[in-house]
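Let's take a relaxed walk through this protein. Have the sequence and the 3D view open as you read.

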Amino acid sequence: MIWLNRYAKLVALSTLLLIGAGGMVTSTGSGLSVPDWPNTYGWFMFTFPMSKWVGGIRYEHTHRLIASTVGFLTIILAIWTWRVEPRAWVRRLALAALGTVILQGLLGGLTVILLLPPAVSIGHAALAQLFFCITVTLALVTSPSWTAGASSLDDPMLPKITLATTTLVYCQILIGATMRHIGAGLAIPTFPLAFGHVLPPEWTTAIGVHFAHRMGAVVVLLAVANSTAHIWHWHRPQRDLIRPATLLLLLVCSQATLGALVVMSALQPIINTAHVVNGALVLGTSLVLTLRVFRRTLQQPAIGDVKTSRQSHIPLLDQDLREVRG
């Protein structure tokens, strides 16, 4: 099982690389540099000569190659998990990863065939983040620390706080994807004020989406700070919670800084792409924290544990231990 866990981590890291490659395609405006799909200027994708990788073609073709590789890795992950994993819900999650990456590939093709319609492009970006979340979950639940179990925590508020934070992060990423794909990245070209005002003096769809993304960033920052403060105050001895909570706070501060630099640099592609990748890291870290919290706070307490209020409510995520033990 240790090798399955290592392989799942590889797939998750490869997915993060794919998100970065997709970010570069959007940041450089290279989405239609290769106008046909699934071939590349009539060539089979893997035989397209490197001498022709010029300009935007380099970004779009590299994105396609990485996407194909991630798809192949996911096929192996699904088969491997199905053959060796005793927990039925984990096997189903691996199949969900396979179905998601297939759908993601089809959406990627449609964005080219339909000439980058915003709705499809936004859906492509949203599904990419969901796929990343699935791979991160698989990497977490196949780890030795997860299957070994953990003591329970009596804190009914913590699951709600962390779940709300993760949901807000994902919604913020959706707003950011919408802003990028409707070309509203510089709809408000000044920072931190909007045209010299707290509120924009005039409103258009682009300005509204851009301003919503800025306000969403404030909400997410406050939510992350609240989650981290709660854990540091009430659960400081729990290192498996402290570490991702602290990392999450550092990542969201970095994300806010990158967001400001995106505007101040007038959408410089490297900074813009770093903002996209770091956003995925914020989401993945928040998800890991949320899953660990749910496992610790909602699982059945051990014999003799004074926290017995939830002994009759064992969630799906806790069934893995019982399935492993037979």
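Start with a pocket: by class, the lining of the second largest pocket has 12 nonpolar, five polar and five charged residues. Here Ala, Val, Leu, Ile, Met, Phe, Trp, Tyr, Cys and Pro count as nonpolar, Asp, Glu, Lys and Arg as charged, and the others, Gly among them, as polar. A word on the source: this is a predicted model, where local features need pLDDT of at least 70 and side-chain atom pairs count only at pLDDT 80 or more, while totals for chains, interfaces and linings use all residues. Residues are numbered from 1 along each chain as its sequence is written, and side-chain values use heavy atoms, with hydrogens and water left out.

Back to the pocket, whose volume is about 560 Å³. (A pocket is an open set of points on a 1 Å grid over the protein atoms alone, where a 1.4 Å probe fits, with protein on both sides within 12 Å along at least five of seven lines; lining residues have an atom within 4 Å of a point. The volume is the space filled by probe spheres set on the points, which are joined across faces, edges and corners.) Of its 22 lining residues, Val136, Ala139, Gly284, Thr285 and Val288 are the closest to the centre. The largest share of the lining, six residues, comes from α8; helices are DSSP runs (H or I, at least four residues), numbered from the N terminus.

Next, the domains. The chain is divided into domain 1 (1-148) and domain 2 (150-308), with bounds from an automatic or database domain assignment. Their C-alpha centres lie 23 Å apart. In all, 22 residues of domain 1 are in contact (heavy atoms within 4.5 Å) with 24 residues of domain 2.

What about the loops? Two cis peptide bonds and two positive phi values turn up there:

| Residue | Loop | Value |
|---|---|---|
| Proline 38 | α1 to α2 | cis bond from tryptophan 37, omega near 5° |
| Proline 192 | α6 to α7 | cis bond from phenylalanine 191, omega about 10° |
| Leucine 115 | α3 to α4 | phi near 65° |
| Leucine 267 | α8 to α9 | phi about 65° |

Most residues other than glycine have a negative phi, and most peptide bonds are trans. Are the two leucines exposed or partly exposed? Leucine 115 counts as exposed because its relative accessibility is 61%, whereas leucine 267 is partly exposed at 27%. (Buried means under 20% relative accessible area, exposed over 50%, partly exposed in between, with a 1.4 Å probe and protein chains only.)

Note on methods: Helices (H or I, at least four residues) and strands (E, at least two) are DSSP runs, numbered from the N terminus.
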